[in-house]
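Open your viewer and keep the selection panel at hand. We will go from one stop to the next, with something to pick at each.

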There are 2 protein chains.
Amino acid sequence: MSFSERSRSLPASPIRRLEPFAEETRARGIRIYPLHIGQPDIETPGLFFESLRKFSSRTLAYGRSHGELGLIDKIVEYYGKIGIPLERENILVTNGGSEALNFAVNIACDPGDSILVPEPFYPAYAAFASLATAGIIPVTTRAEDGFHLPPGNEINKLIKPSTRAILLSHPGNPTGVVYTKKEIETITDLAVEHDLLLIADEVYREFVYMDEPYLSFGKVDRLRDRLVIVDSVSKRYSACGARIGCLVSRNREFMSLALKHCQSRGSSPTLEQVGAAALYETPDSYLEAVNQEYRKRRDILFDGLNGIPGIICKKPEGAFYIMAKLPVDDAEKFIIWMLQEFAVNGETVMASPAEGFYATPGLGKSEIRMAYVLNEEDLKKAVGILANGISAYPGKTL
Amino acid sequence: MSFSERSRSLPASPIRRLEPFAEETRARGIRIYPLHIGQPDIETPGLFFESLRKFSSRTLAYGRSHGELGLIDKIVEYYGKIGIPLERENILVTNGGSEALNFAVNIACDPGDSILVPEPFYPAYAAFASLATAGIIPVTTRAEDGFHLPPGNEINKLIKPSTRAILLSHPGNPTGVVYTKKEIETITDLAVEHDLLLIADEVYREFVYMDEPYLSFGKVDRLRDRLVIVDSVSKRYSACGARIGCLVSRNREFMSLALKHCQSRGSSPTLEQVGAAALYETPDSYLEAVNQEYRKRRDILFDGLNGIPGIICKKPEGAFYIMAKLPVDDAEKFIIWMLQEFAVNGETVMASPAEGFYATPGLGKSEIRMAYVLNEEDLKKAVGILANGISAYPGKTL
């Protein structure tokens, strides 16, 4: 009895696959500062929990495959407020942004097709491409350039006849990049010229730390019919555990195919949708305060990293991650060593090894992704421990 | 811009795709008795909602990709009580039984592989096979035989070199069949002889209305390493909207592949797992009372159907569905007609057209699946309206 090659070649999550090492470390009584996963310590707005307490139905029934209308209407309202007018039919509720991504890649690609993805990218993109037996064509971006895109003519050369879509996160996970107006035009030109679908993962939309306003792909008129936005309440409202996301598109054919995917799994969880609908009533002041908090954390983490000899990183403009190149032989080995062999006063740090964030072999081997999802004090301690760890690590390359 | 053939050929759910017609009908003020979907009106045990009220964490965080240990331990305990000893590592929590099925089929099959499935079957099986670009080899069973299996040598002839797994539900959805000990041995022989994985969807395990005890495939020693059980709290505890299921297997390789699938989508919703863990503390008296209630409903629906001229159906032994052959030209047309054109005192009935429950072309065209998930009084009314509808329907074949 053998199992599918597709499942065997499915990449394990670099964010989650070191979790067993961490469980052992915790079992030894060591405290771990978790920089490896985008799990904020920010409080979920209380509206979520209050709305569940008010839920009065005595049978917890299936919802609509499209998603509950109460939630969909709130999402429509939210998009209206940010200047993207939508109708109910433009939205399908999903089990987190993850399921939305999975459906979008599956709808874009048949086996052997390919998608163009700026690398480093969120590793689930590679997993969902792999499940769709589709290839990733990486557009390599570099820490030295703040992970901004190469010129359009260079990207243009990468596109193949098999290419069906461009997939990117904006603001970028793990890079923190926020694209310039010119970059957004370049991507739009490429999508239009090559007749590609653009899948824009905008779950970090509220986490931008620049003076210029953030430009959603949803506002680009020329993309109107070829755009799919992946969205989620996870990061916006610090509600990752609700697993409520959505697909947003004005392309009717795409949405009718996506609805079949939604039907195949029944519905998203009913109560979580009730809670998510309530989250959209959170006052803007919450999002503004959270934005300020992350901006402060970014500065703390970035300044701390800058003080460590041999580290290369640029100040990210959005999201809540920093990618950094470490002066070590192998970032994964280093992180496992930090978990197994190193501690300062019974405390250590966990980050994500970044090799799995790249499709180009060999890239990212000495890089890590860190999420600045801890409070100021913990973040300072974590950077200090990281600095000590690098200094003590036997595989240092500096 | 064109979309994937895989998504375009994905079958729409016959259970859910008539929902837009039903929404129009309800908008006209007509009450619909919903026999089309396995959504019980039974109350969810209050423990579910109570446990959520006690949830004290102020941040709704991601859970473990494996599933929360609190829930996994309850599932281990439950299986121990029904005579199937398991360890934590034999369980992965999923987004409903649906996700468990999707993962299992994907792990079993590469493109071009096939799975053997008794038909009629739960339509999501066809959807997940289609997503995995795998074929279904149907083992046709008939209402006249109570949907019991043909002899082993006939099934044996259907198995191809590309066949990787047998997938079945037991008790059967939509058939209500409960396999005899001999049938279970036949399936076991086939799995062992042809080195196949057996994916047993046992979500209706508690809904058996026979005197002989129900035999789970989990108790068959010879299947030990080649068995995957798909399970869920949806039907057991009338908590379909929680979307919490699980994969159960002692095959380590299968489970390590399944964990990668679980990691790719992060985790199942945190609060729903808290609630599901509480459900497993429901006293056995709840399940016994629910079993008695469904048994009564089965008898009411079956007796009612038996009184309608030209209907063919046999009394089901388990689950909460009845498949019936109607004296109509086309069951889907008939159901749409019932929604659009027919009503008795402002009330009508909805069922699922059964063609999508078959892989063999042409089968099931005049059949419907009904779920006896309504209370006694409503069920009696629903059968009465159905009888009147059949009598008034212009496409009658009797």
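**First stop: a pair of strands**

Select residues 163–169 and 197–201 of chain B: these are strands β5 and β6, which pair in the parallel sense over five bridges. Two strands pair if DSSP finds at least two bridges between them. Inside this pair, click on I166(B), whose bridge partner in β6(B) is L198(B).

Before moving on, a word on what is on screen: this is a predicted model, in which local features need pLDDT of at least 70 and side-chain atom pairs count only at pLDDT 80 or more, while totals for chains, interfaces and linings use all residues. Residues are numbered from 1 along each chain as its sequence is written, and chains are lettered from A and ligands numbered from 1 in the order in which they are written. The helices (H or I, at least four residues) and strands (E, at least two) are DSSP runs, numbered from the N terminus.

**Widen the view to the sheet**

Now show the open sheet of seven strands in chain B, with mixed pairing and the order β2-β8-β7-β6-β5-β3-β4. Which are the edge strands? Color β2 (91–95) and β4 (135–140) of chain B, since each pairs on one side only. From one strand to the next, the twist averages 25°.

**Helices lying across the sheet**

Add residues 69–81 of chain B, helix α4, which lies across β2 and β8 (244–249) and runs at about 115° to β2(B). Axes here are lines fitted to C-alpha atoms, for helices over the stretch in contact, and angles run from 0 to 180 degrees between N-to-C directions. Then add helix α5 (residues 96–108) of chain B: this helix lies across β2, β3 (114–119), β5, β6, β7 (227–232) and β8, at about 35° to β8(B).

**Over to chain A: two helix pairs**

Select α5 (residues 96–108) and α9 (residues 252–264) of chain A, which pack at an angle of about 120° with their axes 10 Å apart. That angle makes α5(A) oblique to α9(A). (Angles under 35 degrees count as roughly parallel, over 145 as roughly antiparallel, 65 to 115 as roughly perpendicular and the rest as oblique.) To see the contact, show F103(A), N106(A) and I107(A) on α5(A), with F254(A), L257(A), A258(A) and H261(A) on α9(A). Residues are in contact if their C-beta atoms, placed from the backbone, lie within 7 Å.

Next, pick α2 (residues 19–27) and α12 (residues 331–340) of chain A, whose axes come within 9 Å and cross at roughly 20°. These two helices, α2(A) and α12(A), are therefore roughly parallel to each other. Their contact is made by F21(A), A22(A) and T25(A) of α2(A) and I336(A), L339(A) and Q340(A) of α12(A).

**Last stop: where the chains meet**

Show both chains together. How many residues of chain A are in contact with chain B? There are 66, in contact with 66 residues of chain B. On the chain A side, α9(A) gives the largest share, seven residues.

Chain A can be laid on chain B with an RMSD of 0.0 Å by a turn of 180° and a shift of 0.0 Å along the axis. The two copies are thus related as by a two-fold rotation axis. This superposition is by least squares on the C-alpha atoms of residues with pLDDT of at least 70 in both copies. Finish by centering on R53(A): in chain A, its C-alpha is the nearest to the axis, 3.3 Å from it.

Definitions and conventions
Two residues are in contact if their C-beta atoms, placed from the backbone, lie within 7 Å.
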